[in-house]
Amino acid sequence: MTTRPSRQGARPVRQATGAMIAPAPERTGKEGPRKPMELPASITVKDLAGRLGVTPVQVIKQLMRNGIMANVNQELPYEVAAVVARDFNFEMKDIPKKLTAVAGSKKSARFREEPSKDQVIRPPVVTIMGHVDHGKTSLLDAIRHTNVIATEAGGITQHIGAYQVESDGKRITFLDTPGHEAFTAMRARGANVTDIAIIVVAADDGVMPQTVEAIDHARAAGVPVIVAINKIDKPGANPEKIKKQLGELGLVLEEWGGEVITVNVSAKKNLGIPELLENILVLAEVSELKASPNKPAAGTVVEAEMDKNQGPLATVLIQSGTLHVGDVVVVGTTGGKVKAMLNDKGKRVRKAEPAAPVIVLGLDTVPQAGDILEAVAGEKEARAILEKRGLQKQREAAAPKKAASLDQLYSQIREGQVKDLNIILKTDVQGSIEPIRLSLEKLSTDQVKVKTIHSGTGTITESDVLLAIASRAIIIGFNSKPEPGAKKMAELEGVDIRNYSVIYNLVEDVEKAMKGMLEPVYEEVVDGRATVKSVFPSGKKTRAAGCQVNEGKLVRAVLARVVRAGKVIHQSTIASLRRFKEDVKEVATGFECGVGVDGFNDFVPGDVIEAYHKERTS
């Protein structure tokens, strides 16, 4: 008889024909008198979980501890369901002495028809994310039993790596990313490669801003989350504090009746690793991950570089089909013939099946992370595809971006294109987030739901823009401006960034956009600035300013404001503009002039006159 590790230690596991019930079954419900229960001749995992008052994941985990693999929609015979119910502290009649495997394959029990006859169960793809220095790569190092981190500069991950490990006879593929930005950047380019996200939180440090971002990015991607509470061996480690912080972020943990699994681990001491892998396999089982290996390969580039000896290298995660050495492939806007492939251990392989990561040699140029690799019939077909993509890329570059915006919202709602209005909210202080979020979510209607997919304090960053691209979200800044790089990226990608200083105006604009009543937005563009040097009479009751134009130009009759000590004290228009007692239309940089501002006479030396106009931005 074989055994497998679990939280309770080694437990008997079924052979091909069946398995003995564990001699001391786990009592996962509340201790006390067993509650009576009746069950039908057969019941699905999902329905059984409902009767037991637990999650389907908990039922599947209990089945695994008894040596049975089942998915959420699978029918369980009475004798199997009865054993599970007993383990959850229910009183059952006719508990069998021997628990037989649910009918199906020798390794996994499945009753449902496969969507396609050639589809098979594939390994899950897991991304590890979290705050810097919380132990992401150290955890992967513990899982792989190899010293990856020693090759990283300063112990901080420099590149995406893809690795495959085996646990309990099943494979798991890990993506080790530098952070959630890389994860989201790939999603922004249309590459959804992750099945499960592991968020690493240091038990002695707690939830940090990057932890919150990683969680929000994972939730926006719609992937299940496992929280690995790392460094539990360190003094000051407080896993319960971490769980409380997670609850405050809206994560309902499994032990509280939710779906989010937490696992206490120590990458340094190699503690909790078997339980983490077990939970990954459970989530994979629930998700029913399948792919067909018997067709031309398709996959996603997770990393690419130019090697001075081997030429372009691309780390590719195969997602469907099987890639062979000698296959002709197209990857984004490049292509080539696969000359060789290396697995994550650096060994040459002849083929790569679904969920396998390989380094591909033989491409003409270096592709981009997130590009899709496809195997094609031959070089003629590859050339035709690449020519077509080149033309398509040119058209897309010339066409306006189609990111979500408040201006287009009403028409998109009417056309049924928008069901969720995703919002990224950045504020200057933490106290502003909750009232704004609640006010926005109250605007939800039957046609569209308003969802704040990420919120935080500080400036609007490139990470926020990446998430907006990937999730078709609108960024709202409350007393929060975009960083220069973020503003440029948003302009290039067509991401709508709105800035407000009054909550009422913010909420009103979103409501108007949903009703198709939003007014156009104008941005002020400064044309010129001049400094007041002196003040002199310009009529019976008016005074003019003798100025030096410092930048741009002043133009008569345009909008103007008077700025004193950094504050705007008057706004109107330039009423008069003179040089050497002659009226002029404009005065350029470096010249002196007399300026009259409509409705203002109280100039003092040092005041700044700004001439500006308004441009419609939406």
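This is a stop-by-stop tour of a predicted model, with a selection to make at each stop.

**Whole chain**

Start with everything shown. The chain has 618 residues, and buried residues make up 50% of them. Colour by secondary structure: there are 14 helices and 37 strands. Switch on a surface. The accessible area comes to about 30300 Å², and carbon and sulfur atoms account for 50% of that area. Contacts reach far along the sequence. Among those between residues at least 6 apart, 69% join residues at least 24 apart.

**Helix α3**

Select residues 78–87, which form helix α3. Is this helix mostly covered or mostly open? Mostly covered: nine of its ten residues are buried. Show the side chains of the buried set, which runs Tyr78, Val80, Ala81, Ala82, Val83, Val84, Ala85, Arg86 and Asp87. Note that Arg86 and Asp87 are among the buried residues. Now step past the end of the helix to Asn89. Its phi is positive, near 75°.

**The largest nonpolar core**

Nonpolar side chains tend to be buried together in soluble globular proteins. Here is a place to look at that. Select Leu52, Leu139, Phe174, Ile198 and Ile280. These belong to the largest nonpolar core, a set of 51 residues, and they touch the most other members. Next, add helix α8, residues 273–287. This helix gives the core its largest share, seven residues.

Centre on Ile280. Which residues does Ile280 contact, leaving aside its neighbours within four places in sequence? Show Pro124, Val126, Ile172, Phe174, Ile196, Ile198 and Ile226 around Ile280 to see them. Two of these partners, Phe174 and Ile198, are also on the list of residues that touch the most other core members.

A second core is separate from this one. It holds 19 residues, including Val201, Val225, Ile229 and Ile242.

**Thr211**

Keep Val201 on screen and select Thr211. Thr211 sits in helix α6, residues 209–221. Thr211 counts as buried because its relative accessibility is 0%. Display what Thr211 touches beyond four places in sequence: His131, His134, Ile199, Val201 and Gly206. Val201, from the second core, is therefore one of the residues in contact with Thr211, a residue that is itself buried, at 0%.

**Strand β20 and its partners**

Select residues 328–331, strand β20. Side chains in a regular strand alternate between the two faces of the sheet. Turn the view to see which way each valine points. Val328 and Val330 point one way, Val329 and Val331 the other. All four are buried.

Now add residues 334–342. This is strand β21, which pairs with β20 in the antiparallel sense over four bridges. The two strands form a hairpin with two residues between them. Zoom in on the turn: Gly332 has a positive phi of about 65°.

Add residues 372–376 as well. This is strand β25, which is antiparallel to β20 and joined to it by four bridges. Which residues pair with Val329? In β21, its bridge partner is Gly336. In β25, Val329 stands opposite Ala375.

**Salt bridges**

The structure holds 19 salt bridges. Visit three of them.

- Select Glu441 and Arg437. Their side chains meet at 2.9 Å, N to O. Both lie in helix α11, residues 433–441, four residues apart, or about one turn of the helix. Glu441 is partly exposed, at 28% relative accessibility.
- Select Glu524 and Arg561. Here the N to O distance is 2.6 Å. This pair links distant parts of the chain: Glu524 is in strand β30 (residues 522–537) and Arg561 in strand β32 (residues 559–564), 37 residues apart. Glu524 is partly exposed, at 38%. Arg561 is buried, with a relative accessible area of 9%.
- Select Asp583 and Arg578. This bridge spans 3.3 Å, N to O. Asp583 is exposed, at 57% relative accessibility. Arg578 is partly exposed, at 39%.

**Last stop: a network**

Go back to Glu524 and Arg561, then add Arg529, Glu551 and Glu610. What links these five residues? A network of salt bridges.

Methods
Residues are numbered from 1 along each chain as its sequence is written. This is a predicted model: local features need pLDDT of at least 70, side-chain atom pairs count only at pLDDT 80 or more; totals for chains, interfaces and linings use all residues. Side-chain values use heavy atoms; hydrogens and water are left out. Buried means under 20% relative accessible area, exposed over 50%, partly exposed in between (1.4 Å probe, protein chains only). A nonpolar core is a set of buried Ala, Val, Leu, Ile, Met, Phe, Trp, Tyr and Cys residues joined through side-chain atoms within 4.5 Å. Contact means heavy atoms within 4.5 Å. Accessible areas come from the Shrake-Rupley method with a 1.4 Å probe; for residues, only the protein chains shown count as cover. A salt bridge is a side-chain nitrogen of Lys or Arg within 4 Å of a carboxyl oxygen of Asp or Glu. Two strands pair if DSSP finds at least two bridges between them.
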